[in-house]
Amino acid sequence: MGEIMKRTHMCGVLTEENIGAEVCLNGWVAKQRSLGSIIFCDLRDKTGITQIVFDDNTAPEVFAEAETLRSEFCIGIHGKVRERSAKNPGLVTGGIEVLADSLKIYAASETPPIYVRDDDNVDDNLRLKYRYLDLRKPRMQKILKTRHEMLQVTRRYYSEVGFTEVETPTLIKATPEGARDYLVPSRLSHGSFYALPQSPQLFKQLLMVSGLDRYFQVARCFRDEDLRSDRQPEFTQIDLEMSFVETDDVLAIQEGFLKRLFKEMKGIDIETPLPRMTYQEAMERFGSDKPDLRFGFELKKLNDVVAGSDFKVFQDTLAAGGDVRGICIEDASDKFSRKDIDKITENAKHFGAKGLVWIRMEEGEIRSSVNKFFSQEKLAEIAAVFGAKKNDLILIVSDRKKVVFDTLGFLRRHMAGRLGLLDDNTYAMLWVVDFPMFEVDEETGELKAMHHPFTHPKNEDIPLLDTDPGAVRADAYDIVINGYEAGGGSIRIHESDLQKKIFEILKLTPEECEQKFGFLLDAFRYGAPPHGGLAFGFDRLVMLITGELDIRDVIAFPKNQKAQCLLSGAPAPVDASQLAELAIGITE
């Protein structure tokens, strides 16, 4: 390879103060422009770009080599910094250039399959296949640097407030609760499998039993679930647990972290304590347990107003014990055509809604998709529930309560996005608390834990475990930022008898409990402290800090929506000899 030109500066830091200095730079050619007797070359590294010049003062052999440069050649140059005649105020280095006197080509580059620039409108799959080129883009370099800085803030903060960082195992026992596990076969124990952790939940509780008192970890977690723009099969969370605490203690520590994080990363002063909202209130007002509070459009219940109407859809819903609810989109009627509303209706159907009823508030008239079933007076009565005024648009859903909440929860944020109301530089934070302890499994009809079976019920609701377990609230809490669940946790059960009762409600036999969670239950026999904790979705926090909309853009090497790594080709078949060693056969 030959001798490396030892770098004196990074490309993005040179300014007028460096004029006259001899420098050595290393990086990649972003662009080369030859004007015959002079060659301009933009040299890029992770800090930015510096313009390099080769001209009549350059040695002929160096000039000839500079003529061969193309985009993404990896090079080093030596030269003198001088003032730039045509300055570029958009760059830190825009006032200078480097007149090169020597050039070292470390590696030539073929024509890249994607352009290395932020405005490259390329297919996402191509970006992921050539991720190492995609990561050269200034935007991606900035995101990775931001991610790094956020990790440093995290480690400093939790260390300062008494937490100890501990790494928990990656190969663990499969305890199928919640999402599907990724399984890893054991070579030494044929027919047995490890699981990759969905979270360090059981081990961090064991650390509390061990007396560690305060634990945290930047943990890699794995879930074999369907992917969305804010989910990946492997992800990072800031995981923590605390002993001898109640909910207020846990939340106060996390608010301190968020205050520090947003101050250092964004220069924003977060006002604490953060507001709290019960799960019930969040669902009733916003149709979501992760409400976006940057705008209004709150849900309004219309059951009483529309009762007795001739509209069969409403009649049937109310007769079946369902709900009729709507949202009012302010000053939006003239912004959405009938065709737009038809498309919005199709989107709503993905959440189970069979259709939408719309009402437009117009000058001297109320127009609606159900005009023939409702008089102007009745439509005015419905509009009054929302306080609707001229040019407002009302959207109404009639169905089972879950469908109504899911659909309107989606619509309020979808419409806000269409109207440009989702300001990435505004952060609306709140705690959603008092979640239901249990929910009904739609497949089996049985109760299942809404979070996980180790969540402590609220003390005042413990008597309901014997009489009405569906009404029990959990001592659980989620931190919601701009409509994203950025983290969640709970106070945990540390009493053996209470844990046994929860397992009984979930219809887990003593044998199943022992097989799945025996090591945790054994630990509880030896003086388990009251404890609770939380996990932040670190990738989602990076999304929120950087203003990115897709979690893949804040992860160095993400998977696509089929959980495939297009760069390396994983998952992939393995040799038959490897399968034989593991005593595994593949069926068609």
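A residue counts as buried here when its relative accessible area is under 20%, as exposed when that area is over 50%, and as partly exposed in between (1.4 Å probe, protein chains only). By that yardstick, 47% of the 588 residues of the protein are buried. The structure is a predicted model, so to speak of local features a pLDDT of at least 70 is needed, side-chain atom pairs count only at pLDDT 80 or more, and totals for chains, interfaces and linings use all residues. Residues are numbered from 1 along each chain as its sequence is written, and side-chain values use heavy atoms, with hydrogens and water left out.

Now for the overall picture. The protein has 17 helices and 22 strands, taken as DSSP runs numbered from the N terminus (H or I of at least four residues for helices, E of at least two for strands). Its C-alpha trace spans about 90 × 75 × 55 Å along the principal axes. Take the contacts (heavy atoms within 4.5 Å) between residues at least 6 apart in sequence: 67% of them join residues at least 24 apart.

One open sheet has five strands in the order 12-13-16-14-15, with antiparallel pairing. Strand 12 (300-301) and strand 15 (365-368) sit at the edges with a single partner strand each, so one side of each has no neighbour in the sheet. Two strands are said to pair if DSSP finds at least two bridges between them; strand 14 (residues 357-362) and strand 15 pair in the antiparallel sense over four bridges. Across from Arg 367 in strand 15 stands Arg 360. In general, strands of a sheet pair through backbone hydrogen bonds, either parallel or antiparallel.

Turning to single residues, Gln 254 belongs to helix 6 (residues 247-266). Gln 254 counts as buried because its relative accessibility is 0%. Its side chain reaches the backbone oxygen of Val 250 at 3.1 Å. Setting aside residues up to four places away in sequence, Gln 254 touches Tyr 158, Leu 240, Met 242, Trp 431, Leu 534 and Phe 536.

Met 429 lies in strand 17 (residues 429-433), and with a relative accessible area of 7% Met 429 is buried too. Beyond its neighbours within four places in sequence, Met 429 is in contact with several residues, including Leu 258, Phe 262, Ile 270 and Val 480. Met 429 and Gly 387 are 42 residues apart along the chain, and their C-alpha atoms are separated by 26 Å.

Terms used
Polar contact = N/O pair within 3.5 Å; in protein donor to acceptor, adjacent residues only side chain to side chain.
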